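Here is a short briefing on one protein model. Keep the sequence and the 3D view open as you read.

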Amino acid sequence: MKVLVIGSGGREHALAWRLSQATRVSKIYVAPGNGGTATDSRFHGIDITDPVALREWAAKEKIALTVVGPEAPLAAGVVDEFRAHNMRIFGPTQAAAQLESSKAFSKAFMKRHKIPTADYEAFTDAAAAHAYIDAKGAPIVVKADGLAAGKGVVVAVTVAEAHEAVDFMLLDNKFGVSHNDGGARVVIEEFLQGEEASFIVMCDGKNVTALATSQDHKRLLDGDQGPNTGGMGAYSPAPVVTAEVHARAMREIILPTIRGMEKDGIPYTGFLYAGLMIDGKGQVKTLEFNCRMGDPETQPIMMRLKSDLFEVFWHATDGTLDTVDLEWDRRVALGVVMAAHGYPLAPRKGDRVDGIPAEAPDAVVFHAGTTLDAGALQTSGGRVLCVTVLADNVKLAQQRAYEVAARIRFDGAQYRKDIGFRALPGRDAGH
């Protein structure tokens, strides 16, 4: 069986890597892939991104299964295109992907279906947004309505920061947001207290299978300081997601979302990522939905998955996820993101990358923002690599990950030194 993975990031590298261990898979294509997939004989890069051209190529190559990684092809309707030609693809339709591609759609959906989330208002007019901020005060959260590669959220600690974020998003578009129909729009919502976790499930339209729990680190600097990023590292499992929190998230958020989408005539298939805010009493609220796996959460989750991922996707595209029981490695997986100089606002490209060690049973370096140029590996994006390891506990996983990261060199490399700190014994995990 030939498989196609659409995307170029660390998430797609990790999915392709796990799929390469499946018994029925003969060849894996990645479109377009990155420097890591280009230097690995298990993968074949395809330089096509247009949904129609991809579908035509996949039909010609007799691709048995296609898996979509990032948000942009989903929002562009790649799933609809493949399905219209009876081709097997895992991901949500363009209409279902609005749960991520439009914050305003997502918030209105949650309100309608009584899914716990922060109170909010949506604005296209900057003056009205500024007046709302002045009335509400800070801290307050400002979100761009369209896709912004994980950077369109500002948690404003001061009113001035919130005003600046509104101007950035509505007037200047400094975050490079892909606006939805109707132009620039922001969603302004109440600030929620608690600890964040990533809750990722697979859906086949009716049935839901939860993946291993995970938690990522959004801030650039140690101790959760500095600007928000797309994620500087992650680990799995996440102790904050207790059995009780897990059951509550499924009962109050995930299942009502799947039932609500079905009721609205938009059945949901694909990965669904709920960003949870868990308060001191174990109550959960939805911060946001993503219609894909998280990045960097995918890397540790794929390290821990022992089940044959191809067979899981086959069931998911057959509507038989209820027959799947996922098997997980009992160890902790931890991933440290190595980012480019200037990330997140102005990442530098073109720095040579050296010293990446060979894959080991307990350590894999997944590529995200890399490219091959004349045979040399170079940085090509903000988050360059994710050093991902397995170990018996968080402390050992940290030691192993930082041991590997220390051997990798590129000018201006920056990475946090405390990934997983919330899961260390004796640490206050925000409760």
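Strand E10 (residues 195-204) pairs with E11 in the antiparallel sense, over three bridges. The model is predicted. Two topics follow: a four-stranded sheet with its helix, and the loop residue Asp 145.

**The sheet**
- Cys 203 has Val 208 in E11 as its bridge partner.
- The open sheet has four strands, in the order E11-E10-E16-E17. Their pairing is antiparallel.
- Strand E11 (208-210) and strand E17 (284-290) are the edge strands. Each of these two pairs on one side only.
- From one strand to the next, the twist averages 30 degrees.

**The helix on the sheet**
- Helix H10 (residues 243-263) packs on this sheet.
- H10 touches E10, E11, strand E16 (269-278) and E17.
- The direction of H10 makes about 50 degrees with that of E17.

**Asp 145**
- Asp 145 sits in the loop between strand E7 (140-144) and strand E8 (153-156).
- Is Asp 145 buried or exposed? Its relative accessibility is 2%, so Asp 145 counts as buried; the cut-off for buried is under 20%.
- The side chain of Asp 145 makes a polar contact with the Ser 102 side chain, at 3.1 Å.
- A polar atom of the Asp 145 side chain also lies 2.8 Å from the backbone nitrogen of Ala 104.

Conventions: Residues are numbered from 1 along each chain as its sequence is written. This is a predicted model: local features need pLDDT of at least 70, side-chain atom pairs count only at pLDDT 80 or more; totals for chains, interfaces and linings use all residues. Side-chain values use heavy atoms; hydrogens and water are left out. Buried means under 20% relative accessible area, exposed over 50%, partly exposed in between (1.4 Å probe, protein chains only). A polar contact is a pair of N or O atoms within 3.5 Å; within protein, one must be able to donate a hydrogen and the other to accept it, and residues adjacent in sequence count only if both atoms are side-chain atoms. Two strands pair if DSSP finds at least two bridges between them. Axes are lines fitted to C-alpha atoms, for helices over the stretch in contact, and angles run from 0 to 180 degrees between N-to-C directions. Contact means heavy atoms within 4.5 Å.
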